[in-house]
Amino acid sequence: MRKPIAAANWKMNGDFALVEAFAKHAWPQGNVEKIFGLPAIYISKAHELGLEILAGEDVSAHASGAHTGEISAAMLKEAGARYAIIGHSERRTDHGENEALLIEKWKQLKAQGLKVIYCIGESLQEYDAGQCDAAVLRQMNPVLEAGLVDADTVIAYEPVWAIGTGKAATAAYAQEVHGKIRALLRDKAAGVADKVRILYGGSVKPDNAAELFAGEDIDGFLVGGASLQADTFDKIVGAMA
Ligand code: PEP
């Protein structure tokens, strides 16, 4: 039985006051694993205040050294993170991140015992051209071939056209793609295929979460905009109960 996940991705939003509000919030205990992806500078404060479980939104591909402005996996861990998001479409687009770089980031996280939330998803152009399957394979195959996917891996399927647009994928479409990702895992990482949690991301809100979550291969959500208010994110967690 896979434990569902509700993961917040604050992106470059929030402040110390929001960290405090989230730490004070009475989160439902239940069976849903709540993960809070915060800007790195807020992680140690959140950890001090008892907000768990914490995730970085990115990590350096290097262990340490002359890489100004970067944050290592060891630093994320020391600050209190237990996960890191890598490969978010905004990183892929804004910073040209590709699978080769993401494999290096993944290795850094693994070396520190941090769990990976690996984001994939087709662009609008690929969606319009019916190339979703090709996009998923392009992003999944290299990490599978590198032997990085393990039972702790979390895949976040986020169609880029649904991120921040208010146009979520339909429940049927999301389940169809998640089913294909599960089949790919069964083919190439058979030992862990039924343990890997596959999250959907893209305009998840309290009012569409329950319908999306009904898909048998939809193990939870990665939530951007609707994770910036504790009450709203809490309602998404509640919709998964
Ligand atoms: C995201 O950034 O991962 C995301 C899914 O954003 P939103 O929920 O705002 O679409």
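Student: Which residues does Lys 115 touch, leaving aside residues up to four places away in sequence?

Tutor: In this predicted model, Lys 115 touches Arg 82, Tyr 83, Ala 84 and Asp 152, when residues up to four places away in sequence are not counted. Lys 115 itself is found in strand 5, which covers residues 115–120.

Student: How far apart in space are Lys 115 and Asp 150?

Tutor: Their C-alpha atoms are 9.5 Å apart, although 35 residues separate Lys 115 and Asp 150 in sequence.

Student: Is Lys 115 buried or exposed?

Tutor: The class depends on relative accessible area: under 20% is buried, over 50% is exposed, and values in between are partly exposed. Lys 115 has 26% relative accessibility, so it counts as partly exposed.

Student: Let us turn to strands. Which way do the residues of strand 2 point?

Tutor: In a regular strand the side chains alternate between the two faces of the sheet. In strand 2, Glu 33, Ile 35 and Gly 37 point one way, while Lys 34 and Phe 36 point the other way. All of these residues are buried.

Student: Why is strand 2 described as largely enclosed by the rest of the structure?

Tutor: The description follows because 5 of the 5 residues of strand 2 are buried.

Student: Which strands pair with strand 2?

Tutor: Strand 1 runs parallel to strand 2, and 5 bridges join them. Within this pairing, Ala 6 has Lys 34 of strand 2 as its bridge partner. Between these two strands the chain passes through helix 1, in a β-α-β crossover that is right-handed. Strand 3, residues 54–56, also pairs with strand 2 in the parallel sense, over 2 bridges. Here Gly 37 has Ala 55 of strand 3 as its bridge partner. The path from strand 2 to strand 3 goes through helix 2, and this β-α-β crossover is right-handed as well.

Student: What may be noted about the backbone in the loops?

Tutor: Three places may be considered. Glu 52 and Ile 53 are joined by a cis peptide bond, with omega about 5°; Ile 53 lies in the loop between helix 2 and strand 3. Lys 11, in the loop between strand 1 and helix 1, is a residue other than glycine with a positive phi, near 55°. Ser 203 also has a positive phi, near 60°, and its place is in the loop between strand 7 and helix 9.

Student: Is Ser 203 buried or exposed?

Tutor: Ser 203 has a relative accessible area of 9%, so it is buried.

Student: Which residues of helix 10 are buried, and what covers them?

Tutor: An α-helix has 3.6 residues a turn, so residues three or four places apart point the same way. In helix 10, residues 230–239, the buried residues are Ala 230, Thr 232, Phe 233, Asp 234, Ile 236 and Val 237. Their cover includes strand 1, helix 1, strand 2, helix 9 and strand 8.

Student: How much space lies in the largest pocket, and which residues are closest to its centre?

Tutor: The largest pocket holds about 620 Å³ of space. It is lined by 24 residues, of which Met 12, Glu 57, Asp 58, Arg 91 and His 95 are the closest to its centre. Helix 2, helix 4 and helix 5 are the elements that each give two or more residues to the lining. The largest share, 4 residues, comes from helix 4.

Student: How many residues of this lining are nonpolar, polar and charged?

Tutor: The lining of the largest pocket divides into 10 nonpolar, 5 polar and 9 charged residues.

Note on methods: Residues numbered from 1 in each chain as written. Predicted model: local features only at pLDDT ≥ 70, side-chain atom pairs only at ≥ 80, totals over all residues. Heavy atoms only, no water. Buried < 20%, exposed > 50% of the residue type's maximum accessible area, 1.4 Å probe, protein only. Contact = heavy atoms within 4.5 Å. 1 Å grid on protein atoms, 1.4 Å probe; cavity = no way out; pocket = protein on both sides within 12 Å on 5 of 7 lines; lining within 4 Å. Points joined across faces, edges and corners; volume = space filled by probe spheres on them. Nonpolar A, V, L, I, M, F, W, Y, C, P; charged D, E, K, R; others polar. Pairing = 2+ DSSP bridges. Right-handed = clockwise from strand over helix to strand, strands pointing away.
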